[in-house]
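Okay, thanks everyone for coming. I'd like to walk you through one model today, so have a look at the screen while I talk.

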Amino acid sequence: MIIGKRLYLRCLDKQDIYKVMNWRNQPHVHENIFSFTFINSYQQEQWFEKYAQDSRQESFMIVLKETEEEIGVIGLSYIDYKNGTAVLNTMIGEKRYWGKGYATEASIYIINYAFNELNLNRITSFFYESNKAIINKNLKLGFKMEGKLRQLIFSKGKFQDVGVMGLLREDWVKIQDSIGNL
Ligand SMILES: CC(C)(COP(=O)(O)OP(=O)(O)OC[C@H]1O[C@@H](n2cnc3c(N)ncnc32)[C@H](O)[C@@H]1OP(=O)(O)O)[C@@H](O)C(=O)NCCC(=O)NCCS
């Protein structure tokens with residue numbers, strides 16, 4: 001468990017997957033993630049069985065300390081210990097909690113975990129270019145815009161570009177003073 005200021009992160013457990021499925025299927029989340037189908041509980045259970053045995057993925061429930069309410073999920077996927085890389089995925093499923101800095105706060109904890117515990121060197125973030133919240137969050141945390149993968153995903157009737165940002169361990173070290181004020 002990772003305990004922070006307003007939030008704590010705890011390992012995703014089987015009991016959580018139905019809540020995560022409901023979040024993923026809601027339009028405000030679904031339109032921003034790369035999963036093109038809506039998912040049912042059978043698929044979600046199958047996903048969890050694979051996830052539980054896969055050391056290349058780590059997911060955490062984001063929980064409000066004050067009320068113990070679960071508000072989202074954050075995780076690293078495609079963890080590659082040889083090259084020291086992973087992809088960061090963030091979702092605040094409860095829309096009423098958007099814009100309160102929770103994704104930023106949870107990301108700080110997971111980035112520290114990635115660099116200081118897993119000894120990774122680089123974290124990548126992929127997003128639709130319309131997703132200003134994820135871009136702003138990443139910029140605040142020192143990610144650099146690295147480009148886009150043109151027309152990678154077919155969604156909403158068209159082929160959409162996917163943006164790529166990256167955070168190196170050396171970038172993270174440089175912005176530690178400003179992170180303290182977030
Ligand atoms: C993207 C997401 C995780 C952001 O979570 P959040 O808790 O609202 O983010 P934060 O409150 O930490 O805000 C991050 C920054 O984005 C800005 N922001 C938030 N919503 C925004 C919006 N709709 N448009 C523009 N900027 C926005 C915030 O103002 C903040 O920047 P600032 O501090 O400079 O003002 C959340 O909207 C979400 O879960 N969306 C659906 C799933 C998703 O898109 N996941 C990422 C897929 S790659």
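Before I get going, one cut-off you'll need: a residue is buried if 20 or more other C-beta atoms lie within 10 Å of its own. Also keep in mind that this is a predicted model.

Let's try that cut-off out on L12. You'll find L12 in the loop between strand 2 and helix 1. Buried or exposed, then, with 20 C-beta neighbours inside 10 Å? L12 counts as buried, because its 20 neighbours meet the cut-off of 20 or more. And which residues does L12 touch, leaving aside its neighbours within four places in sequence? Those contacts are S59, F60, M61 and V73. If you look towards Q46 instead, that one is 34 residues from L12 along the chain, and their C-alpha atoms are separated by 15 Å.

Now the sheet. We have an open sheet of eight strands here, with mixed pairing, and the order reads 1-2-3-4-5-6-8-7. Strand 1, residues 2-3, and strand 7 are the edge strands, each of them pairing on one side only.

Going through some of the pairs: strand 2, residues 7-11, is antiparallel to strand 3, residues 58-64, with five bridges between them. If you want a landmark there, L9 has I62 of strand 3 as its bridge partner. Strand 3 also runs antiparallel to strand 4, residues 70-80, and that pair is joined by six bridges. The landmark in this case is F60, standing opposite I74 in strand 4. F60 is also one of the contacts of L12 that I listed a minute ago. The hairpin of strand 3 and strand 4 has five residues between the strands, and in it E68 takes a positive phi near 65°. As a reminder while you're clicking through these, in a regular strand the side chains alternate between the two faces of the sheet.

Over at the other end of the order, strand 7 and strand 8, residues 158-168, run antiparallel and are joined by eight bridges. L149 stands opposite V162 of strand 8 there.

Strand 7 has something else to show. Q151 lies in that strand, and it has a positive phi of about 50° although it isn't a glycine. Q151 counts as exposed, because it has 11 C-beta neighbours inside 10 Å and exposed means 12 or fewer. Then there's K156, in the loop between strand 7 and strand 8. K156 isn't a glycine either, and its phi is positive at about 50°. With 9 C-beta neighbours inside 10 Å, K156 counts as exposed.

F143 is another one to click on, in the loop between helix 5 and strand 7. F143 has 25 C-beta neighbours inside 10 Å, so it counts as buried. Setting aside its neighbours within four places in sequence, F143 is in contact with S125, N138, M165, G166 and L167. V162, which we met opposite L149, is 19 residues from F143 along the chain, with 16 Å between the two C-alpha atoms.

On to the helices. In helix 1, residues 17-25, the buried ones are I17, V20 and W23. Why do they sit on the same side of helix 1? They cover an arc of only 120° around the axis, so they end up on one side together. What covers them includes helix 2, residues 27-30, as well as helix 3, strand 4 and strand 5.

Helix 3 itself, residues 41-52, is hardly covered: among its twelve residues, the count of buried ones is zero. Its length does check out, because at 1.5 Å a residue it should span 16 Å, and its end C-alpha atoms are 16 Å apart.

Last stop, the ligand. How many residues are around it? There are 21, and the ones that come nearest are N32, A103, T104, A133 and N136. The elements giving two or more residues to that shell are strand 5 (85-92), helix 4 (102-116) and helix 5 (132-140). Helix 5 has the largest share, with six residues. By type, the shell divides into ten nonpolar, seven polar and four charged residues.

That's my tour, so let's open it up for discussion.

Technical notes
Residues are numbered from 1 along each chain as its sequence is written. This is a predicted model: local features need pLDDT of at least 70, side-chain atom pairs count only at pLDDT 80 or more; totals for chains, interfaces and linings use all residues. Two strands pair if DSSP finds at least two bridges between them. Helices (H or I, at least four residues) and strands (E, at least two) are DSSP runs, numbered from the N terminus. A residue is near a molecule or strand if its C-beta atom, placed from the backbone, lies within 6 Å of it. Ala, Val, Leu, Ile, Met, Phe, Trp, Tyr, Cys and Pro count as nonpolar, Asp, Glu, Lys and Arg as charged, and the others, Gly among them, as polar. The expected span of a helix is 1.5 Å times one less than its number of residues. The arc is that of the directions from the helix axis to the C-beta atoms. Two residues are in contact if their C-beta atoms, placed from the backbone, lie within 7 Å.
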